[in-house]
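User: I am new to this structure and would like to go through its internal cavities. Please show it to me before we begin.

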Amino acid sequence: MTRDTTPTDRTEPQRSHSRRRLLALGATVGAGALGGCLTDAGSDVVSEGDADGDSGGEGGGGADGGAADDGDGSAAPSLPRVEDPPAATYVPTHFEAMRRLDPVEAGDYLLEPRVTYPHRFWNVTGDRVEAAAPTEDHDVHLMVTVRDAETGRILPAATGLQVTVGREGESGTPTAPWPMVSQEMGFHFGDNLSLGGDGTYEATVRVGAIDARKTGAFAGRFAEPATGSFTFEYDQAFRESVIGDIVYVQAESDWGARGAMANHALGRGAGRSYGDADRDGPDHVDAQRQDAERDHRGEPRWEARVGDRRYGTYWRSPEEGELPPAAHLPGSLQGEPVVGDAVLATTLLPPGSRFVDGDDRYLAVSPRTPYNRSMLPMAAIDYTVRRDGGVVASGALDDALDDRVGYHYGTPLADAASGDELTLSVTTAPNVSRHAGYETALLETGDVSLTLEVGE
């Protein structure tokens, strides 16, 4: 019974934990639920911190969190969720299991597909949020991350992306998956899909051209569509594995707390440390996790464990309203103001950079999620530069894609001086769909100001 939420009805920035009513919907929860959820070391199913936070009986999962099989091949779990989350990024109740498939090259792109059980997500249009609940006809939730094949950087390839799924060797029905953001996966594309029963399925992904202005090593690239295909098995073993390997955040007091599941998918090949610790050996896992063991304040990261197996970590804000710093950007970092829980990392590049013609400076604003700092495309941001009470420059920031800065919003500045007041106005919040933990955050519009510091 998760309610639809719009920016106008979320008047309390942080509700007390006592008001977050936790619904255990046909599932055993807490520390006791962790027993029996070990991932087999030989499996390619991993526990991921996506946490859809839903399913309240929509798939008819059993009391032990197992798969329901009513004979038509559809299956979805019944899981606890945070019914009344804060108007901010929050920690969901569990780590989700999904099957990671081999990456597929498609022209300039690298496709990373994953498949799991159907679950709820939230679509955002303007200032309206609508829940997209799975139906009995849905069999899987298919997700694809689109990267640059050379650098591994995640790309906002939202224009013209299409997925066609059918039995191997047969034609399928094309769909346009939603651009969405989850705490574990960051920005990706996904949707709940209906299949035709057990079998081997082939998915063909068509990636269109990227419309954003491209600079640096990305200049002249991503101008043509490309296509890649992959196959996956859908059967009872798959349904049991992706549901049976779900693991709960062990401390129920953290359910709904301000924070986020850790994202280990931000860089190519980074931090694949969920589940199956024995597969690569403990030394390999420890090396991967060395830089991720502590949060932005140097405190140990919170973890979900089953014995010696680590199923993932999550950020927990030690104080309400505190966010970790945004990712590094080139140039002179001007600040990291926050609008509606979105961190607007702002930098000013020196005159004559590759981003401009001539000797202008370049203002770059990179909206990120808190904690994981995933990119947030499909927004609109205006800017105004004031000096001595007058307007020096103003306008809309243009979306751009650079191999070093990544996806961002920017503009040349012909005149900028230390002491100028820069106002950033988020006029449209990121219109990307959300997995649980984000559906009540990153939705606000508004203004934020900072004082420029211009170097030589």
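User: Which residues line the second largest cavity?

Analyst: The model is a predicted one. A residue counts as lining when it has an atom within 4 Å of a cavity point. For the second largest cavity, the residues are L142, M143, V144, L161, V163, T175, P177, F189, G190, D191 and L193.

User: Which strand gives the largest share of the lining of the second largest cavity?

Analyst: Two strands, β9 (140–148) and β13 (186–193), each supply at least two residues of the lining of the second largest cavity. The largest share is four residues, and the strand they come from is β13.

User: How many residues of each class line the second largest cavity?

Analyst: D191 is in the lining, and Asp counts as charged. G190 is in the lining too, and Gly counts as polar. By class, the lining of the second largest cavity has one charged, two polar and eight nonpolar residues.

User: What is the volume of the largest cavity, and what is that of the second largest?

Analyst: The count of cavities of 30 Å³ or more comes to four. The largest cavity holds about 80 Å³ of space. For the second largest cavity, the volume is about 60 Å³.

User: Which residues are closest to the centre of the largest cavity?

Analyst: β23 (342–349) and β29 (421–428) each supply at least two residues of the lining of the largest cavity. By class, that lining has eleven nonpolar, two polar and one charged residues. Of the 14 residues that line the largest cavity, the closest to its centre are A342, V426, A429, P430 and E444.

Methods
Residues numbered from 1 in each chain as written. Predicted model: local features only at pLDDT ≥ 70, side-chain atom pairs only at ≥ 80, totals over all residues. Heavy atoms only, no water. 1 Å grid on protein atoms, 1.4 Å probe; cavity = no way out; pocket = protein on both sides within 12 Å on 5 of 7 lines; lining within 4 Å. Points joined across faces, edges and corners; volume = space filled by probe spheres on them.
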